[in-house]
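This briefing concerns pairs of oppositely charged side chains. Please keep the sequence and the model at hand while reading.

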Amino acid sequence: MLGIFGGAFDPVHLGHIKLALVLQERFDFEQIRFIPCRQPPHKKATFAGMEHRRHMLTLVTDSTPAFIVDDRELKRPGPSYTIDTLRELREEIGATQVLVMILGIDAFLDFCSWHEYGEILSICHIMLLRRPGYHLEGQGCEQRLYEKHGTDQIAQVHKCTNGSIFLTDEEQIETSSSVIRRCISEGRQPRYLLPGNVWKYIREHDLYRDAQA
């Protein structure tokens, strides 16, 4: 089973890594690919350049064989549409490999605004992570998708290559990149929110000093 974990990773932090470790062990992922985006379609531009973000990811994944930094979206010009990445991956790994997109429930609540969102479940499964204060009830399109494709059985994910939305009881860790950037811009040290080598890299390259979000 191949997992994909996308995002800006601006910067990658301990919440990302701890969560990926838990998911990899608990659900038996053969590999989790961290896919940093070049240009988030729904957000403003990133604060650190793409090479800095890719390098910080490499610093924290090199020691874990199951973790791979996949920089295809950084190499692709224009907005980083998930559907394009999924199509490329499916072509590369073949039709029989189980492919799972790891996604926070807060991000999923905006899912029906994604580019060609209706095609995504024909390529992969979605693994949803809970987050306090966010619920599917009353969410219209997203709620209907979950009612049609939702499962609480990981066996359903393992036995098919795509098509399910699995709502896990794992919660996102409440560290956020925006909190870390704000902390740095205010002159405070977020050392306990970041892997030590990432914090060292940020200081060496003077990143996020002027970030305001």
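Arg 188 and Glu 186 form a salt bridge in which the closest N and O atoms are 2.7 Å apart. The model is a predicted one, and the count of salt bridges in it comes to 15. Side chains of opposite charge can pair when their charged atoms come close.

**The pair Arg 188 and Glu 186**
- Arg 188 is partly exposed, its relative accessible area being 46%.
- Glu 186 is likewise partly exposed, with a relative accessible area of 48%.

**The pair Asp 71 and Lys 75**
- A salt bridge joins the side chains of Asp 71 and Lys 75, with an N to O distance of 3.4 Å.
- Lys 75 has a relative accessible area of 63% and is therefore classed as exposed, a class that begins over 50%.

**The pair Glu 92 and Arg 72**
- Between Glu 92 and Arg 72 there is a salt bridge whose closest N and O atoms lie 2.8 Å apart.
- Glu 92 belongs to helix H4 (residues 82–93) and Arg 72 to helix H3 (residues 72–75), so this pair ties together parts that are 20 residues apart in sequence.
- Arg 72 is buried, because its relative accessible area of 13% falls under 20%.

**The network**
- Which residues are linked with Arg 72 and Glu 92 in a network of salt bridges?
- The other members of this network are Arg 33, Asp 70, Glu 73, Arg 76 and Glu 88.

Technical notes:
Residues are numbered from 1 along each chain as its sequence is written. This is a predicted model: local features need pLDDT of at least 70, side-chain atom pairs count only at pLDDT 80 or more; totals for chains, interfaces and linings use all residues. Side-chain values use heavy atoms; hydrogens and water are left out. A salt bridge is a side-chain nitrogen of Lys or Arg within 4 Å of a carboxyl oxygen of Asp or Glu. Buried means under 20% relative accessible area, exposed over 50%, partly exposed in between (1.4 Å probe, protein chains only). Helices (H or I, at least four residues) and strands (E, at least two) are DSSP runs, numbered from the N terminus.
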